[in-house]
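Q: I am new to this structure and should like to learn how its features are read. May we begin with the way in which parts of a chain meet?

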Amino acid sequence: MLVAGLVSWRLELGQTRRIAVSAARMFAQLLAAGFVLMYLFEHQTWWLVLLALAVMVTAATQIAASRVKSSVPGLRAAVFVSLFSSSIAVGFVVVEGVMHADPWYNARQLVPIAGMIIGNAMSAIAVAIDRLFADMDSRSSEMFALVALGATPKEAAFPSIKAAIGAGMTPVLATMSAAGIVAIPGMMSGQLLAGADPLAAAKYQIVVMLMLSAANTVAIVSACFLTYRKRFAPDGYYLDKGIRPDNPL
């Protein structure tokens, strides 16, 4: 962090304060997470574990929504539903079907798995939604024409939905392509440092990569189909920038 701060100061990037705040937040948040997880592991109950997951999803919703450049009413609710459904569905499949957790709400297994899913899906959703609305705005004339010719909002927005889903899936697919050649991913590295068998660590990492791909896909598709309609009026016409109710002008 001293190196980053020195570079920011010498090049007058204006990021010195941000670097210091980010480092302090990271330090405090990770230590706080360690204390919370210690308590959760020792006193776990199903409702306490689910409460922890809900808090994680709520925080991720806030971060993902803040990264979307467009102002979209009701965006946070759609992001929350997408993150919660994907993390719960895929997380329980992995914890129950692969790790055979006992009990099913075992915090030592469920919380880290859900955390990986939520963190990756959060970034993917932000990219996908941002691309969705930017693409729809760039196609505004086409959208007007399609709706005027009788197309439904879904039919008019579908090319943008496809582009957004593709953009959201790109990062995790690139990571999968590079895994094992360019970099050794996080879980595998952690297990190797802990002395685990390399082949067993590789198998767990394969599960994690496929898990993230599935969860990201579910989250992105859900988010796009839950949000595209917010750019249309109730009677189906496309809301251009000048006629949106949330437009500050």
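A: Buried area is the accessible area that two parts lose on being put together, summed over both. The model before us is predicted, and its protein is divided into domain 1 (1–43) and domain 2 (45–231). Between domain 1 and domain 2, about 500 Å² is buried, with carbon and sulfur atoms giving 80% of that area. On the side of domain 1, L40, F41 and H43 lose the most area to domain 2, together 87% of what that side buries.

Q: How many residues of domain 1 and of domain 2 are in contact, and how far apart do the C-alpha centres of the two domains lie?

A: The contact involves 5 residues of domain 1 and 7 residues of domain 2. The C-alpha centres of the two domains are 24 Å apart. As to polar links, the count between domain 1 and domain 2 is 0 salt bridges, together with 1 residue pair in polar contact.

Q: Which secondary structure elements make up the protein?

A: The protein has 9 helices and 0 strands. Its C-alpha atoms fill a box of roughly 65 × 50 × 40 Å, taken along the principal axes. Of the contacts with a separation of 6 or more, 68% are between residues 24 or more positions apart. One pair distant along the chain is M38 and R108: they are 70 residues apart in sequence, with their C-alpha atoms separated by 9.5 Å. M38 belongs to helix α2 (residues 16–42) and is partly exposed, at 49% relative accessibility.

Q: How is the interior to be read, and which elements contribute to the largest nonpolar core?

A: One may start from the share of buried residues, which is 36% of the 249 residues in the protein. The largest nonpolar core has 55 residues, and those with the most contacts inside it are I129, L132, M136, M211, C224 and F232. Two or more residues of this core come from each of α3 (46–67), α4 (75–97), α5 (107–138), α6 (140–148), α7 (153–178) and α9 (198–227). Helix α5 supplies the largest share, 17 residues.

Q: What does F232 touch, leaving aside residues up to four places away in sequence?

A: F232 touches M136, M143, V147, P153, A156, A157, Y237, Y238 and L239. M136, one of these partners, is also among the core residues with the most contacts.

Q: Is S87 buried or exposed, and what surrounds it?

A: A residue counts as buried when its relative accessible area is under 20%. S87, in helix α4, has 5% relative accessibility and is therefore buried. Its side chain has a polar atom 2.8 Å from the backbone oxygen of L83 and also reaches the backbone oxygen of F84, at 3.1 Å. Beyond residues up to four places away in sequence, S87 touches V57, F92, I117 and I118.

Q: How should a salt bridge be read, and how many does the structure hold?

A: Side chains of opposite charge can pair when their charged atoms come close. This structure holds 1 salt bridge. E142 forms it with R139, and the closest N and O atoms are 3.1 Å apart.

Q: Where do E142 and R139 stand, buried or partly exposed?

A: E142 is partly exposed, with a relative accessible area of 40%, whereas R139 is buried, with a relative accessible area of 10%.

How values were computed. Residues are numbered from 1 along each chain as its sequence is written. Side-chain values use heavy atoms; hydrogens and water are left out. A nonpolar core is a set of buried Ala, Val, Leu, Ile, Met, Phe, Trp, Tyr and Cys residues joined through side-chain atoms within 4.5 Å. Buried means under 20% relative accessible area, exposed over 50%, partly exposed in between (1.4 Å probe, protein chains only). Helices (H or I, at least four residues) and strands (E, at least two) are DSSP runs, numbered from the N terminus. Contact means heavy atoms within 4.5 Å. Domain bounds come from an automatic or database domain assignment. Buried area is the accessible area (1.4 Å probe) that two parts lose on being put together, summed over both. A salt bridge is a side-chain nitrogen of Lys or Arg within 4 Å of a carboxyl oxygen of Asp or Glu. A polar contact is a pair of N or O atoms within 3.5 Å; within protein, one must be able to donate a hydrogen and the other to accept it, and residues adjacent in sequence count only if both atoms are side-chain atoms.
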